[in-house]
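Please look over the model below, which is predicted, before working through the questions on its sheet and its salt bridges.

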Amino acid sequence: MSEKTIQEEIQSIIPDLFPVLEPEFDWELVKHFYEFLKRDNEKGGFFSKNDSEKILERHILESLIFVWKMKTTGYVSRETNIADVGTGPGLPGFLFAVLKKAPHVFLVDSQKRKLALLETEVTSGSLTKVSKRVEFIFARTEEINSNFDVVTSRAMVPYPYIAEVTTRMVKQKGILCPFLAQPYQDLEKETEVLSNNGFIMKKEIPIPELEFVGKRHIKILQKNSLPKKGYPREWKEIVKETKSKNG
């Protein structure tokens with residue numbers, strides 16, 4: 001029996017949603033990315049042992065659906081400059097580059113161990129097709145001053161502090177779109193952190209399509225003003241607060 005294609009594998013997991021996803025992505029690139037993650041997982045320490053058996057469902061599929069949501073809700077187009085912070089081996093950010101109408105993607109991580117492997121794959125391996133639309137930034141997020149239209153992040157810094165760490169990266173009227181699991185309960189703290197760093201909550205996009213892996217949603221935070229005086233704080237101050245917050 002012949003091996004399943006990546007489309008067939010994904011279709012077997014999300015049969016109802018797949019026909020909507022199929023026309024949006026370059027599946028050959030998705031397949032090469034999946035093969036890269038499997039092949040270099042041990043070398044790069046991408047996933048825990050438990051997760052490494054579920055790369056397709058937990059990582060690729062989850063990221064594809066996030067990217068599809070961002071595109072179909074109108075937040076990402078071909079003209080967008082998008083940065084994915086704490087991207088590791090390119091999750092979820094690299095999946096923006098495999099859209100048929102892909103934006104310009106910047107992948108940001110201070111740890112070279114994971115991201116440098118993807119850079120090699122893009123410059124001289126199976127993913128060279130995207131080399132003109134993907135750039136790699138090896139730096140700490142809080143040290144980057146830039147003007148991105150959209151900044152995304154999946155579990156890099158606890159929410160809402162991701163707004164403080166990324167505020168210098170997001171242009172005025174640009175958006176920060178953290179990809180989150182559980183709803184954040186402390187609304188007072190959320191409002192305080194967002195407003196200190198120049199953001200307002202524009203909307204929240206639920207992702208019922210991912211209920212098979214658990215609750216997932218995207219927050220759309222617009223940068224409406226410059227941060228207040230004294231913000232963003234030094235990284236060690238932010239860490240201290242996130243630790244006391246999380247017990």
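Q: At about what angle to strand 3 does helix 6 run?
A: Helix 6, made of residues 112-124, lies across strand 2 (104-108) and strand 3. With respect to strand 3, the direction of helix 6 makes an angle of about 150°.

Q: Which strands are the edge strands of the sheet?
A: Seven strands form an open sheet with mixed pairing, and their order is 3-2-1-4-5-7-6. An edge strand pairs on one side only, and this holds for strand 3 (134-137) and strand 6.

Q: Which strands does helix 8 touch where it packs on the sheet?
A: Helix 8 covers residues 187-196, and its direction makes about 125° with that of strand 6. The strands that helix 8 touches are strand 6 and strand 7.

Q: In what sense do strand 4 and strand 5 pair, and over how many bridges?
A: Within the pairing of these strands, F148 stands opposite V170 in strand 5. Strand 4 and strand 5 run in the parallel sense, and the number of bridges between them is six.

Q: How many residues apart in sequence are the parts that D149 and K171 tie together?
A: D149 and K171 form a salt bridge in which the closest N and O atoms are 2.6 Å apart. Because D149 lies in strand 4 (residues 148-154) and K171 in strand 5 (residues 170-180), the pair ties together parts whose separation in sequence is 22 residues.

Q: Is D149 buried or exposed?
A: The cut-off for a buried residue is under 20% relative accessible area. The relative accessible area of D149 is 17%, and D149 is therefore buried.

Q: Why does the salt bridge of E62 and R216 tie together parts that are apart in sequence, and how many residues separate them?
A: The side chains of E62 and R216 meet in a salt bridge with an N to O distance of 3.1 Å. E62 lies in helix 5 (residues 55-72), whereas R216 lies in the loop between strand 6 (199-206) and strand 7 (217-223), so the pair ties together parts whose separation in sequence is 154 residues.

Q: Is E209, the salt-bridge partner of K69, buried, partly exposed or exposed?
A: K69 and E209 form a salt bridge with their closest N and O atoms 3.3 Å apart, and the pair links helix 5 with the loop between strand 6 and strand 7, 140 residues apart. K69 is buried, at a relative accessible area of 12%. E209, at 23% relative accessibility, counts as partly exposed.

Terms used:
Residues numbered from 1 in each chain as written. Predicted model: local features only at pLDDT ≥ 70, side-chain atom pairs only at ≥ 80, totals over all residues. Heavy atoms only, no water. Salt bridge = Lys/Arg side-chain N within 4 Å of Asp/Glu carboxyl O. Helix = DSSP H or I, 4+ residues; strand = E, 2+ residues; numbered from the N terminus. Buried < 20%, exposed > 50% of the residue type's maximum accessible area, 1.4 Å probe, protein only. Pairing = 2+ DSSP bridges. Contact = heavy atoms within 4.5 Å. Axes fitted to C-alpha atoms, helices over the stretch in contact; angles between N-to-C directions.
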